[in-house]
Amino acid sequence: MPPNPPETRAPGQTARPARRVLAPLALAQFICSYAGSNMNVMINDISEDLDTTVQGVQTVITVFLLTMAALMIPGGKLTDRYGRKRCFLAGLTVYGVGAVLSALAPGLAILGLGYSILQGIGTALLIPPVYILTTLLFPDVTSRARAFGTVMALGGIGAAAGPLIGGLITSAIGWRAAFVFQAAVVALIIVLSRQVPDPLPPEPERHFDMGGAVLSAVGLVLVVMGILAADDNGWLMAGLLLLGALVLVWLFRWVRAKERSGREPLFSTSLFHDRTSNLGLVTQHAQWLMLMGVSFVVAAYLQVVRGYDAIETGAIFTAATLGILAASLAAERLVQRWPQRTLILVGFGVTICGIALLIVMASGSPSVWAFTPGLLLIGLGLGVMLTPSVNVVQSSFGEERQGEISGLSRSVSNLGSSLGTAIAGTILVADPAAGPYAVALGVLAVVGLGGLAAAAMLPRQQPGA
């Protein structure tokens, strides 16, 4: 492997490429996270305009998140073969085409093609390069924390502010304009990306495991479809979950057979030999499941039960947005002062308290301000731990494994996003006697306790180490 260009690795020269790289990379994470949450406040408008059902639009949202999760591992692997920047630009192009198609959609099927499929594929292609490039261009934990803090801040803002931005655009112009906004941001990112360097050369002769990619995608799709089927047919749910588990077992057997024969698989099973990385992946999964689950539940509650419009619903999420922004931008200072394990533990604790507060205050008070304390705590908690969780996983492997671990990391996170929406939606449709919204939030709090337990098992680290 040829040495890295001095500009990207030499001490004292990180700042110059950082300024060129971080803007487009952070914006890319923003627009992808925004796309996953802004639809929550447009459900009623889209269903009325396209003469379809609310459940149909919710399915389109879930399929978008699922497409990302199913294709993120293959997307990460393709960066080794075709190069990180080339995959980044290809993903942006596919994403932009999907946004334009969604804006022009005459019905739910075309919306599903543009949003769920094309934007999902585009995201799976462009997100792994974001994390690979960030890791490669910042060699030490502190500078990498600063970079990931910027990227995760924009990602968190996109997810948390998606309802507000989407609500403003939908109310002022219409839901189609929200997709035009996405296409415009993508065009800006492409322009800004002209100066983005690729620290490592592509390897066009590198083998791509198509069979493994298919098994990975099918297995993940079946698992999430099983969860979605819970409110319709218990036997169907069990069957899909079992079939999905069998396909994933087949995938691991396939990968092991490839490794034993000396051929390159979709991913190496050695990725799962690092205990620290495994625990970090669990925390990432739990974080995004809670973020998207809370966003979905609260948005549905505000619109269906409280009768708020898109702008009012989005405005309430401002508290979470501010919390994520404040905590994420402080990532560098936090990682210098506290071990990453401590930050993740504190983040889960604060987020769980925020969910509990949301249940108690929102259900007991008719005031719109009742949602603010809980959402603020949730935003602060997630903002504190998003960056160190990513840093823990990415830093566990060297340059030659970044394509694999970035794809796996993003797949795990986006699977969490898919499951957050699917689980919350299933509980709301099931309408449990204890109250669907309180039960859904309670389940998300239990997920947070699982993430807290995983974080507690992380090895102790010194601040900035």
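Gly314 counts as buried in this predicted model, with a relative accessibility of 0%. The residue sits in helix 12, which covers residues 310-316. Leaving aside residues up to four places away in sequence, Gly314 touches Val41, Pro163 and Leu164. Ala299 lies 15 residues away from Gly314 along the chain, and the two C-alpha atoms are 8.0 Å apart.

A second glycine, Gly155, also comes out at a relative accessible area of 0%, so it is buried. Its place is in helix 7, residues 141-172. With residues up to four places away in sequence set aside, the contacts of Gly155 are Gln29, Phe30, Ser33 and Trp288. There is a long-range pairing to look at here as well: Gly155 and Ile324 are 169 residues apart in sequence, yet their C-alpha atoms are 9.3 Å apart in space.

Stepping back to the whole chain, the secondary structure comes to 18 helices and zero strands. Of the 465 residues, 58% count as buried. Taking contacts between residues at least 6 apart in sequence, 83% of them join residues at least 24 apart. As for the outside, the chain exposes about 17,300 Å², and carbon and sulfur atoms supply 68% of that area.

Now for the nonpolar interior. The largest nonpolar core holds 106 residues, and the members that touch the most others are Leu111, Tyr115 and Val294. Helix 11, residues 275-304, gives the most to this core, with 14 residues. Apart from it lies another core, made of 22 residues, including Leu78, Leu240, Leu271 and Leu281. Val294, picked out above as one of the members of the largest core with the most contacts to other members, touches Ile355, Leu358, Leu375, Ile378, Leu441 and Leu444 once residues up to four places away in sequence are left out. By way of background, nonpolar side chains tend to be buried together in soluble globular proteins.

Not every nonpolar side chain is tucked away, though. Ile110, Leu113 and Ile117 make a nonpolar surface patch of about 200 Å². Leu113 belongs to helix 6, which runs over residues 108-137. The relative accessible area of Leu113 is 38%, which falls between the 20% and 50% cut-offs, so this residue is classed as partly exposed.

The cysteines are quickly dealt with. Cys32 has a relative accessibility of 4%, so it counts as buried. Cys87 is buried too, since its relative accessible area is 5%. The structure holds zero disulfides; for reference, a disulfide is a covalent bond between the sulfur atoms of two cysteines.

One backbone detail rounds things off. Asp51 has a phi near 55°, a positive value in a residue other than glycine. The residue is placed in the loop between helix 3 (43-49) and helix 4 (54-82). At a relative accessible area of 72%, Asp51 is over the 50% cut-off and therefore exposed.

Definitions and conventions
Residues are numbered from 1 along each chain as its sequence is written. This is a predicted model: local features need pLDDT of at least 70, side-chain atom pairs count only at pLDDT 80 or more; totals for chains, interfaces and linings use all residues. Side-chain values use heavy atoms; hydrogens and water are left out. A disulfide is a pair of cysteine sulfur atoms within 2.5 Å. Buried means under 20% relative accessible area, exposed over 50%, partly exposed in between (1.4 Å probe, protein chains only). A nonpolar core is a set of buried Ala, Val, Leu, Ile, Met, Phe, Trp, Tyr and Cys residues joined through side-chain atoms within 4.5 Å. Helices (H or I, at least four residues) and strands (E, at least two) are DSSP runs, numbered from the N terminus. Contact means heavy atoms within 4.5 Å. Patches are made of residues with over 30% relative accessible area and no salt bridge: like charges are joined within 9 Å, nonpolar side chains (Val, Leu, Ile, Met, Phe, Trp, Tyr) within 5 Å. Accessible areas come from the Shrake-Rupley method with a 1.4 Å probe; for residues, only the protein chains shown count as cover. A salt bridge is a side-chain nitrogen of Lys or Arg within 4 Å of a carboxyl oxygen of Asp or Glu.
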